[in-house]
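Let us go through this structure step by step, starting with the packing of helices and ending with the contact between chains.

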Amino acid sequence: MPEKVCILPSSELTTVFGKIGRQASYIVCEDLKPGKIVLGCMPALFSEVQEDIDFITQYPVITLEGHPAHHAAKLVKKFSQDVAIEIDIEKFLKDTDIDASDSSPEKLGSNGEKAVKFLAKYTAKKVDALLTKK
Amino acid sequence: MKKIAIMPCNGVGRVVSTIIRESAYKIHSLRPDATILISSPDLAADNPDALLNAKKYPLIIIDGCKPRCGSNIVKTKGIKPVLEIYAPLVCADKKIPLSGETRVKLGVKGTWLAEAITEIAVQAIDDILSNKIPTIQENLPFKVYMDKEKMLSSL
């Protein structure tokens, strides 16, 4: 069983989904699963920072995709690594009936904050599943 | 109308990334018609719009830490920025302690650094748009990277 899980948010600057994914990843890392998460950084991975390469090679990866092109997963695959779970945030919010249109990439409204918490809890459950997988 | 593209560090691991993102949004809000924001993950992934904008407009990079991922991403795409601002040097120059700041939400000191970076970038944008080479390198003691030749040719 893996000791930790790598969460890699795509962290787009110009979409609200990038913001929601980034904030959710902080909650999972710091509050819901402290000590069990390594937080991958897409720009650093692209720049081949060794720490970030180690994260995706040593631990199962969950990507939080803020763009329909799934940039984070594509980048992981460029390093010939598998992505355990890809979460498309826009689709996730549609499926869970959360309308985050009160939010922007700069600032979250109350629905955006709700979306962050929902996504964080959902991701934490996926982390649990990966941590107990043999 | 002339525009300047801004590509900030868009990392997630360090507080400085949050500070630079806030700064980028502030820069855009202060010069909404003259700036366009580029998301580094989009550029890294060869998103056509991000690539087009990074090539079309004079580009300012704001790097957050030693790997200088923003600068590295544009370099690998064959794009040369007109200006690179390195946030840790701004932080050191202004003597802003970041202890107690978190990457989730900025406090007073993080906001202070974001404002300092914003001020530098906005001054550079105004200079470039008035067909001047930014004077910030001479006026401030920290190092601001700049390619003057490229800047002049892009105006």
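At what angle do α1(B) and α6(B) pack, and how far apart are their axes? In this predicted model, the angle between α1(B) and α6(B) is about 45°, and their axes are 8 Å apart. The two helices, α1(B) and α6(B), are therefore oblique to each other, and α1(B) passes α6(B) in a right-handed crossing. On the side of α1(B), the residues that make the contact include B:Val15, B:Ile19, B:Ser23 and B:Ile27, while α6(B) contributes, among them, B:Gly110, B:Leu113, B:Ile117 and B:Ala121. Sorted by class, the contact of α1(B) with α6(B) has 10 nonpolar, four polar and two charged residues.

Helix α6, residues 108–129 of chain B, also packs with helix α5, residues 87–94 of chain B, here at an angle of about 110° and with the axes 10 Å apart. Because of that angle, α5(B) is roughly perpendicular to α6(B), and the crossing of these two helices is right-handed. From α5(B), the contact takes in B:Ala87, B:Val90, B:Cys91 and B:Lys94, and these meet B:Leu113, B:Ala116, B:Ile117 and B:Ile120 of α6(B). Seven residues of the contact of α5(B) with α6(B) are nonpolar, none is polar and one is charged.

Turning from the helices to the neighbouring chain, 24 residues of chain B are in contact with 24 residues of chain A. On chain B, the helices α1 (15–30), α2 (40–44) and α4 (69–76) each supply at least two residues of the side that touches chain A, and the residues of that side comprise 13 nonpolar, eight polar and three charged.

Methods: Residues are numbered from 1 along each chain as its sequence is written. Chains are lettered from A and ligands numbered from 1 in the order in which they are written. This is a predicted model: local features need pLDDT of at least 70, side-chain atom pairs count only at pLDDT 80 or more; totals for chains, interfaces and linings use all residues. Axes are lines fitted to C-alpha atoms, for helices over the stretch in contact, and angles run from 0 to 180 degrees between N-to-C directions. Helices (H or I, at least four residues) and strands (E, at least two) are DSSP runs, numbered from the N terminus. Angles under 35 degrees count as roughly parallel, over 145 as roughly antiparallel, 65 to 115 as roughly perpendicular and the rest as oblique. A crossing is left-handed if the near helix is turned anticlockwise from the far one by less than a right angle, and right-handed if clockwise. Two residues are in contact if their C-beta atoms, placed from the backbone, lie within 7 Å. Ala, Val, Leu, Ile, Met, Phe, Trp, Tyr, Cys and Pro count as nonpolar, Asp, Glu, Lys and Arg as charged, and the others, Gly among them, as polar.
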